[in-house]
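Dear colleague,

I am passing on the structure we spoke about, and I would be grateful if you would look through it with the notes below at hand. Please read the notes beside the sequence and the model.

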Amino acid sequence: MFMSWLFNQAGPTEYRSRTVFEDTTPEMVRDFFWDDEFRPKWDNMLVSAATMEECPTTGTMVVHWVRKFPFFCSDREYVFGRRIWESGRAYYCVTKGVPYGSVPRKNKPRRVDLYYSSWLIRAVESRKGDGQLTACEVLLFHHEDMGIPWKIAKVGVRQGMWGTVKKIDPGLRAYQKERTSGNTLSHCAFMAQINSKISADYLRSFESKSNDASELETHNSSEKPSGKNIPKLLVVGGAIALACSFDRGLLTKAVIFGVARRFANIGKRL
């Protein structure tokens with residue numbers, strides 16, 4: 001696995017990564033990352049997780065997390081919305097911090113308000129050289145403002161969080177075994193399977209517009225427009241970032257275009 005971090009002295013810590021898992025499917029990896037019930041078995045930074053709201057039609061969830069960090073930072077609290085879009089077995093997973101009055105703010109743990117994390121999960125050719133799409137690639141862009149100096153965050157991420165990163169692959173293998181053993185699907189994994197569909201042809205029609213950013217409606221045959229929670233698709237340089245228009249935390253175009261440009265360049269730089 002190759003991972004690189006980006007650090008911005010004028011803003012929150014940002015990092016991106018590219019990971020390839022052999023002998024698994026995009027659907028398994030999608031469920032694995034979404035499954036808060038299984039996550040404590042491999043992610044020892046997660047103290048607690050609870051679903052506050054969910055939509056059975058779109059799969060949108062509002063989730064409350066408390067995470068503990070290594071030496072460089074005290075515990076942090078998160079309230080974020082998350083949702084998944086699908087295009088031909090490629091999955092675009094977006095999480096974003098949202099305001100949520102039902103979870104009162106406390107002195108400890110400190111709440112992280114500025115939080116954005118997005119994954120592109122898709123099948124790729126195996127490194128075995130047999131030409132088969134039996135491996136899974138995960139492109140990640142993540143940023144958050146933990147309220148600590150960027151130099152401390154830089155050292156902490158490189159030295160403290162690497163231990164958790166190394167546990168992802170063993171955790172995925174354990175998850176695969178549990179799923180194949182016939183255990184009941186967790187509710188979070190069930191929600192991960194409710195995705196908004198996007199036509200691959202529809203996406204390809206925008207690939208030539210590499211220098212433009214276009215805003216489109218996401219199409220889902222099971223979804224009826226309601227005037228709120230309307231998803232938008234941003235196409236930048238032939239790659240996409242999806243803006244979750246949660247009615248409590250609408251992303252501004254300035255933020256989305258900035259994030260989308262970074263996300264679009266991940267595959268070129270890693």
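What follows is a description of one helix, one strand and a few backbone details.

Please keep in mind throughout that this is a predicted model.

I begin with helix H1, which spans residues 26-34 and whose axis comes within 10 Å of that of helix H4, residues 168-180, the two crossing at roughly 105 degrees. With angles of 65 to 115 degrees counted as roughly perpendicular, H1 and H4 are therefore roughly perpendicular to each other. On the H1 side the contact is made by Met28, Val29, Asp31, Phe32 and Phe33, while H4 contributes Ile168, Gly171, Leu172, Tyr175, Gln176 and Arg179. Sorted by character, the residues of this contact comprise seven nonpolar, two polar and two charged.

How much of H1 is buried? Nine of its nine residues are, so the helix is largely enclosed by the rest of the structure; the buried residues include the charged Glu27, Arg30 and Asp31 as well as Pro26 and Trp34.

The surroundings of H1 fit into a wider picture, in that the largest nonpolar core has 37 residues, and those with the most contacts inside it are Val29, Phe32, Tyr78 and Ile121. H1 supplies the largest share of this core, namely five residues. Leaving aside neighbours within four places in sequence, Val29 is in contact with Phe21, Thr24, Ile121, Cys136, Val138 and Leu172. A second, separate core holds nine residues, among them Trp85, Tyr92, Val94 and Leu120. As a general matter, nonpolar side chains in soluble globular proteins tend to be buried together.

Phe33, which also has its place in H1, is buried with a relative accessible area of 10%. If neighbours within four places in sequence are again left aside, Phe33 is in contact with Arg39, Ile121, Val138 and Ile168. Phe33 and Ala189 are 156 residues apart in sequence, yet their C-alpha atoms are 8.7 Å apart in space.

The strand I would point you to is S6, residues 90-97, where eight of the eight residues are buried, so the strand is largely enclosed by the rest of the structure. Ala90, Tyr92, Val94 and Lys96 point one way from S6, whereas Tyr91, Cys93, Thr95 and Gly97 point the other way, and all are buried. S6 runs antiparallel to strand S5, residues 76-87, to which it is joined by eight bridges, and in this pairing Arg83 stands opposite Val94. S6 is also joined by six bridges to strand S8, residues 115-124, again in an antiparallel arrangement, with Tyr92 standing opposite Leu120.

Lastly, there are some backbone details that you may wish to inspect. Most residues other than glycine have a negative phi, and most peptide bonds are trans. In the hairpin of S5 and S6, which has two residues between the strands, Gly88 takes a positive phi near 55 degrees. Arg89, in the loop between S5 and S6, has a positive phi near 70 degrees and is partly exposed, with a relative accessible area of 43%. Asp23 lies in the loop between strand S2 and H1, where its phi is positive, near 55 degrees, and its relative accessible area of 45% makes it partly exposed. Finally, a cis peptide bond, with omega about -5 degrees, joins Lys108 and Pro109, the latter lying in the loop between S6 and strand S7.

With best wishes

Technical notes
Residues are numbered from 1 along each chain as its sequence is written. This is a predicted model: local features need pLDDT of at least 70, side-chain atom pairs count only at pLDDT 80 or more; totals for chains, interfaces and linings use all residues. Side-chain values use heavy atoms; hydrogens and water are left out. Axes are lines fitted to C-alpha atoms, for helices over the stretch in contact, and angles run from 0 to 180 degrees between N-to-C directions. Helices (H or I, at least four residues) and strands (E, at least two) are DSSP runs, numbered from the N terminus. Angles under 35 degrees count as roughly parallel, over 145 as roughly antiparallel, 65 to 115 as roughly perpendicular and the rest as oblique. Contact means heavy atoms within 4.5 Å. A nonpolar core is a set of buried Ala, Val, Leu, Ile, Met, Phe, Trp, Tyr and Cys residues joined through side-chain atoms within 4.5 Å. Buried means under 20% relative accessible area, exposed over 50%, partly exposed in between (1.4 Å probe, protein chains only). Two strands pair if DSSP finds at least two bridges between them.
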